[in-house]
Structure formats: C-alpha cells, structure tokens
Amino acid sequence: MKFSVFLHRFIYVNNNQSRFLYKQPSVLIGRTDVASVTSWLAPIVWEGTFDATLVDFIYKKQNLTIATTVFALGKYIRFLKDFFESAEQHYFVGFRVHYYLFTDQPEAVPEVKMGENHILTIRKVPSLNRWQDISMGRMNILEKLIENELAVEADYIFCLDVDAKFYGRWSVESLGRLVGVIHPWFFDASRHQFTYERRPESVAYISKEEGDYYFTAAAFGGSLEDVLNLTKTCREQMNIDAANSIEAIWHEESHLNKYFLYNKPSKLLSPEYLWRDIRAGASQIKTVRFSHVAKNNAEIRPNP
Ligand SMILES: CC(=O)N[C@H]1[C@@H](OP(=O)(O)OP(=O)(O)OC[C@H]2O[C@@H](n3ccc(=O)[nH]c3=O)[C@H](O)[C@@H]2O)O[C@H](CO)[C@H](O)[C@@H]1O
Ligand SMILES: [Mn+2]
C-alpha cells in the first residue's frame with residue numbers, strides 16, 4: 001500500500017488498482033441563488049461551485065508561479081502588515097507565489113514571515129502627489145514588469161489593492177486566462193446604474209445600453225499575455241484621455257471596465273473575492289475571501 005503526500009486524499013494505490021475519490025459533481029444540483037456562468041460561457045466562481053481539494057489536485061501538477069503585485073505609497077504602508085499576514089493564511093497556500101511590492105518607503109515595510117514557496121520582492125518607486133496618479137500608475141508599472149521581467153518568472157499574475165484583507169481561501173480556483181472580479185457594490189445592480197464613464201469625451205465611455213457587469217480594479221489578473229494586453233491598453237487609453245484633458249470618473253477602473261466590455265474575461269470571481277466590509281452581509285455571500293478595509297480617505301490620501 002502506498003500513499004503519496006499530496007494525493008492521499010484521492011488516490012489510493014493497492015496492487016496496481018488506484019481510486020480517485022471525491023464527491024460526485026451533479027448535473028442537476030448547483031447554486032440556484034446566483035449565476036455561475038456568463039452568457040459567453042465563462043465561469044463565475046462562488047462558494048459551492050468548485051471542489052477546493054479537487055482543483056488543488058489539478059493545479060498542483062502544473063508547478064505554477066503566481067506573481068502578485070501590491071502598491072503601498074505614502075500612508076498606505078499601514079495596510080501592509082494585515083494584508084500580508086492574512087495573505088499568508090489564505091492566498092495560494094501550497095503554491096508558488098512571488099509578491100512584488102512597489103513602495104516609496106522600502107525601509108518602512110514591516111517584517112512578515114512568508115510561507116513556504118512564497119517570496120517578496122520590494123521595489124522602490126517615486127512618491128506621487130495625487131492618489132489618482134498612484135492608482136492609475138499601476139497599469140504602467142505592471143505593463144513594464146510583465147514585459148521586462150516576468151516572462152520566465154511566472155505563469156499568472158494578480159494585481160491587488162493593499163487596503164484589503166483576506167478572510168478565506170483565494171487559490172487556484174481563481175486562475176484563468178483573463179480574470180475579473182465583480183465589484184461588491186454593484187453585483188445586484190442594472191447596467192444603467194453602473195458607475196461606468198458616461199462622458200463620450202473619454203475613451204472609457206460606455207453608454208447606458210452597454211455592459212455586462214461592473215468590475216473592480218482592486219483585483220484583476222490572468223495569464224501574463226492577457227494581463228500585459230490589458231495593462232498596455234488601459235495605459236494607452238489613459239494617455240489619450242490625459243492628452244484630451246479628461247480623467248475618467250473612476251480612473252483606471254473605468255478603463256478596465258471598458259477593456260472588459262470588448263475583451264470578455266474568461267473567468268469571473270464573485271464578490272466573495274472582494275467584499276465591501278466584513279460586517280455588511282448579503283444572502284448570496286456564503287464566505288468572504290478578501291475584503292476592503294474601511295478607511296478614512298481624507299486622512300490617508302495625499303490629496304482629496
Ligand atoms: C474597491 C475598488 O473598486 N477600489 C478601486 C477604487 O477605490 P479605492 O478607494 O479602493 O482606491 P485606493 O485609495 O485603495 O487606491 C488604490 C490603490 O492605490 C494604492 N495607493 C493609493 C493611494 C496612496 O496614497 N497610496 C497607495 O499606495 C494602494 O495600493 C491602493 O490600494 O478606485 C480606485 C481608482 O479610482 C481603484 O480603481 C481601486 O482599485
Ligand atoms: Mn482600495
């Protein structure tokens with residue numbers, strides 16, 4: 001009788017007869033309170049739509065590295081401790097993760113003990129006076145990072161807001177070619193209510209008759225190639241807007257939503273993957289995985 005370390009939950013080998021054991025998936029039974037597939041047949045990941053141990057098993061064999069970018073400039077340094085400590089409890093545990101932290105104060109980065117196969121690279125970036133420029137500037141920095149460094153370093157990438165904390169599993173079930181996260185404030189709203197850019201002067205413009213979902217810019221990801229194209233496109237479109245003296249209402253988030261209108265994500269993550277406040281419930285949210293921390297914008301941002 002032989003048990004392999006990782007596979008023992010599934011595979012039991014005895015005299016060349018193996019068994020692959022897990023709960024039978026059903027054709028008939030699934031979540032009925034939420035949609036778990038889009039009209040272009042991309043899965044929408046919710047608790048109850050996947051078997052965590054089974055997806056771990058599938059991805060474990062691929063020996064993947066997930067690059068993850070985080071930005072902490074100015075007072076946002078204060079979020080790093082909770083962000084990383086909670087990430088190390090819940091984020092791709094058992095898989096290879098390479099965090100890239102961009103900050104204007106490398107010396108102020110708190111010491112965080114990284115789990116096995118999780119590493120942190122800190123990069124110094126210049127301080128900026130406008131929070132909007134910091135937030136939008138992430139697209140350009142990500143584009144250069146993927147283009148210049150990641151090709152041989154990683155398989156997938158996620159870009160996450162730092163003013164957030166993990167409360168539950170976020171792992172390989174989230175991987176896909178192009179991954180968007182449904183914004184926690186608009187998951188039950190109609191398209192005309194979405195806070196898309198509505199001024200036709202901006203490249204990010206989306207009319208009231210268009211749009212599928214409203215996506216957050218606080219978390220997105222996918223394959224290196226697809227995220228490179230996303231970041232490059234958003235960066236170029238923000239430059240066009242800047243040349244026309246217009247800034248989209250929700251900055252890079254508006255451009256991200258425009259990008260996703262024409263380049264449909266191949267996988268969507270439900271608002272479990274970016275909830276709004278750990279205390280504010282909704283019946284559809286069975287588990288909160290990652291949640292935005294309530295913050296005093298006037299106190300923490302360098303400008304209004
Ligand atoms: C939940 C959600 O949808 N969040 C988005 C939203 O507001 P947010 O209120 O979430 O934006 P924010 O203040 O968190 O800024 C975005 C990110 O920029 C970084 N940062 C910002 C300011 C600063 O002084 N230092 C610093 O490091 C930090 O990583 C932060 O997480 O809109 C922003 C742009 O309009 C971004 O699209 C955010 O992702
Ligand atoms: Mn944020």
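**Exercises around a manganese site**

Histidine 292 is partly exposed, since its relative accessible area is 25%; under 20% counts as buried, over 50% as exposed and anything in between as partly exposed, with a 1.4 Å probe and protein chains only. This is a predicted model, in which local features need pLDDT of at least 70 and side-chain atom pairs count only at pLDDT 80 or more, while totals for chains, interfaces and linings use all residues. Residues are numbered from 1 along each chain as its sequence is written, chains are lettered from A and ligands numbered from 1 in the order in which they are written, and side-chain values use heavy atoms, leaving out hydrogens and water.

**Exercise 1. Name the protein donors of the manganese ion (ligand 2) and describe their arrangement.**

Step 1. Look for donors, meaning N, O and S atoms within 2.8 Å of the metal (3.2 Å for Na, K and Ca); water is not among the atoms, so sites may look incomplete.

Step 2. The protein supplies Asp161 (OD), Asp163 (OD), a second Asp163 (OD) and His292 (NE2), at 2.1 to 2.4 Å from the ion.

Step 3. Along the sequence, the donor residues follow the spacing D-x1-D-x128-H. Aspartate 163 sits in the loop between β7 (156–160) and β8 (164–166), and histidine 292 in strand β12 (residues 290–292), so this pair joins distant parts of the chain, 129 residues apart. Here helices (H or I, at least four residues) and strands (E, at least two) are DSSP runs numbered from the N terminus.

Step 4. Check the angles: the 6 donor atoms around the ion subtend 55 to 171°, which makes the arrangement irregular. Four donors count as tetrahedral if all angles lie between 85 and 135 degrees; four count as square planar and six as octahedral if opposite donors are over 155 degrees apart and all others between 65 and 115; anything else is irregular.

Step 5. Aspartate 163 is buried, because its relative accessibility is 2%.

**Exercise 2. Work out which residues surround ligand 1 and where its polar contacts lie.**

Step 1. With a heavy atom within 4 Å as the test for being near, 24 residues surround ligand 1, the closest being Phe71, Tyr76, His251, Glu252 and Glu253.

Step 2. Now search for polar contacts, pairs of N or O atoms within 3.5 Å. The side chain of aspartate 161 has an N or O atom 3.0 Å from an oxygen of ligand 1. A backbone N or O atom of valine 162 lies 3.1 Å from a ligand oxygen, and a polar side-chain atom of histidine 292 is also 3.1 Å from one.

Step 3. Ligand 1 taken alone exposes 720 Å², and the protein buries 95% of that (Shrake-Rupley method, 1.4 Å probe).

**Exercise 3. Decide whether phenylalanine 166 and histidine 183 are buried or exposed, and list their contacts.**

Step 1. Phenylalanine 166 belongs to strand β8 and is buried, at 2% relative accessible area.

Step 2. Taking contact as heavy atoms within 4.5 Å, and skipping residues up to four places away in sequence, phenylalanine 166 touches Phe83, Ser86, Ala87, His90, Tyr91, Leu160, Arg289 and Phe290.

Step 3. Histidine 183 lies in the loop between β9 (178–182) and β10 (215–223) and is buried, with a relative accessible area of 11%.

Step 4. Beyond its neighbours within four places in sequence, histidine 183 contacts Tyr214, Phe215, Thr216 and Glu253.

Note on methods: Polar contact = N/O pair within 3.5 Å; in protein donor to acceptor, adjacent residues only side chain to side chain.
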